[in-house]
Amino acid sequence: MFKMKLGCAVAMFVTATLSGHALSVELKITDTAVRQPLPGRTVSVGYLTIENSSAQSVQLLKATSPQFANIELHNHQMVDGMMKMVRLKELQVPSGEVVKLQPGGLHLMMFRPTHTLAVGEEVQINLHWSDNTIQSYRTQVVPVPKQ
Ligand SMILES: [Cu+2]
């Protein structure tokens, strides 16, 4: 019998909203997701794409969420033939460029959710930029893809 393989058919809900004061730099946030932590684990990863169409470069200094105790900016790096995660102090988003946080590369490392997160649940993430603005967006919890 023909077995349909379920691909990555998860619809990413893309809603970028500006909170507080207006951003001096225009950043477009798309392709957002937060993976559901594995059973018994209290760590998760978040992905998003940041598009900076302005003439000014900005740095992402940190990310916060009311649903997580702590979020770190991480990248994957090859160390002695092994893929390891490294923590970044900040993330550069140069003028006119698109920075993707995606599996195998840059990501938000999200620690200690306030409760067990269900698939489909909404998560708010606040991006703290070097120009003293905070950009908030809402995304959804997605299941960890089957290997
Ligand atoms: Cu990480």
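Modeller: Two strands count as paired if DSSP finds at least two bridges between them. The structure above is a predicted model.

Colleague: In E6, which residue is the bridge partner of Met 78?

Modeller: E5 covers residues 68–79, and E6 covers residues 82–88. These two strands pair in the antiparallel sense. Within E6, the residue bridged to Met 78 is Met 83.

Colleague: Over how many bridges do E5 and E6 pair?

Modeller: One opposed pair is His 74 and Arg 87 of E6. Met 78 also has a bridge partner in E6, Met 83. For E5 and E6 together, the number of bridges is 7.

Colleague: In the hairpin of E5 and E6, which residue takes a positive phi?

Modeller: The hairpin has 2 residues between its strands. One of the residues in the hairpin has a phi near 50 degrees, and that residue is Asp 80.

Colleague: How many of the 7 residues of E6 are buried?

Modeller: A residue needs 20 or more other C-beta atoms within 10 Å of its own to count as buried. E6 lies largely in the open, because the number of its residues that are buried is 0.

Colleague: Which residue in E9 stands opposite Ile 71?

Modeller: E5 pairs with strand E9 (residues 107–113) as well, in the antiparallel sense and over 6 bridges. In E9, the residue opposite Ile 71 is Met 110.

Colleague: Is Arg 112 buried or exposed?

Modeller: Arg 112 is in strand E9, and its phi is positive, near 50 degrees, although it is not a glycine. A residue with 12 or fewer other C-beta atoms within 10 Å is classed as exposed. Arg 112 has 12 such atoms, so its class is exposed.

Colleague: How many strands are there in the protein?

Modeller: From the N terminus on, every element in the run is β. The count of helices is 0, and the count of strands is 11.

Colleague: What percentage of contacts between residues at least 6 apart in sequence join residues at least 24 apart?

Modeller: Trp 129 and Val 25 give an example of distance in sequence against distance in space: they are 104 residues apart along the chain, with 9.5 Å between their C-alpha atoms. Thr 64 and Ile 134 are 70 residues apart along the chain, with their C-alpha atoms separated by 9.9 Å. Over the protein, the share of such contacts that join residues at least 24 apart is 67%.

Colleague: Is Trp 129 exposed or partly exposed?

Modeller: Trp 129 belongs to strand E10 (residues 122–129). Beyond its neighbours in sequence, Trp 129 has contacts that include Val 58, Leu 60 and Leu 61. The cut-off for buried is 20, and Trp 129 has 19 other C-beta atoms within 10 Å, so it is partly exposed.

Colleague: How many C-beta neighbours does Thr 64 have inside 10 Å?

Modeller: Thr 64 lies in strand E4, and beyond four places in sequence it touches Ile 71, Asn 126 and His 128. Thr 64 counts as partly exposed, because its number of C-beta neighbours is 16.

Colleague: Which residues touch the most other members of the largest nonpolar core?

Modeller: The core has 22 residues. Strands that each supply at least two of these residues include E2, E3, E4 and E7, along with E9, E10 and E11. Ile 125 also has contacts that include Gly 46, Ala 63 and Tyr 137. The core members that touch the most others are Val 34, Val 93, Ile 125 and Val 141.

Colleague: Where is Asn 132 placed?

Modeller: Asn 132 is not a glycine, yet has a positive phi of about 70 degrees. Asn 132 is exposed, because the count of other C-beta atoms within 10 Å is 10. Its place is in the loop between E10 and E11.

Colleague: Over which residues does pLDDT stay under 50?

Modeller: The mean pLDDT of the protein is 86, and 84% of its residues reach 70 or more. The stretch under 50 has 26 contacts beyond four places in sequence in the model, and it covers residues 1–23.

How values were computed
Residues numbered from 1 in each chain as written. Predicted model: local features only at pLDDT ≥ 70, side-chain atom pairs only at ≥ 80, totals over all residues. Helix = DSSP H or I, 4+ residues; strand = E, 2+ residues; numbered from the N terminus. Contact = placed C-beta atoms within 7 Å. Core = buried A, V, L, I, M, F, W, Y, C linked by C-beta atoms within 7 Å. pLDDT = per-residue confidence, 0-100.
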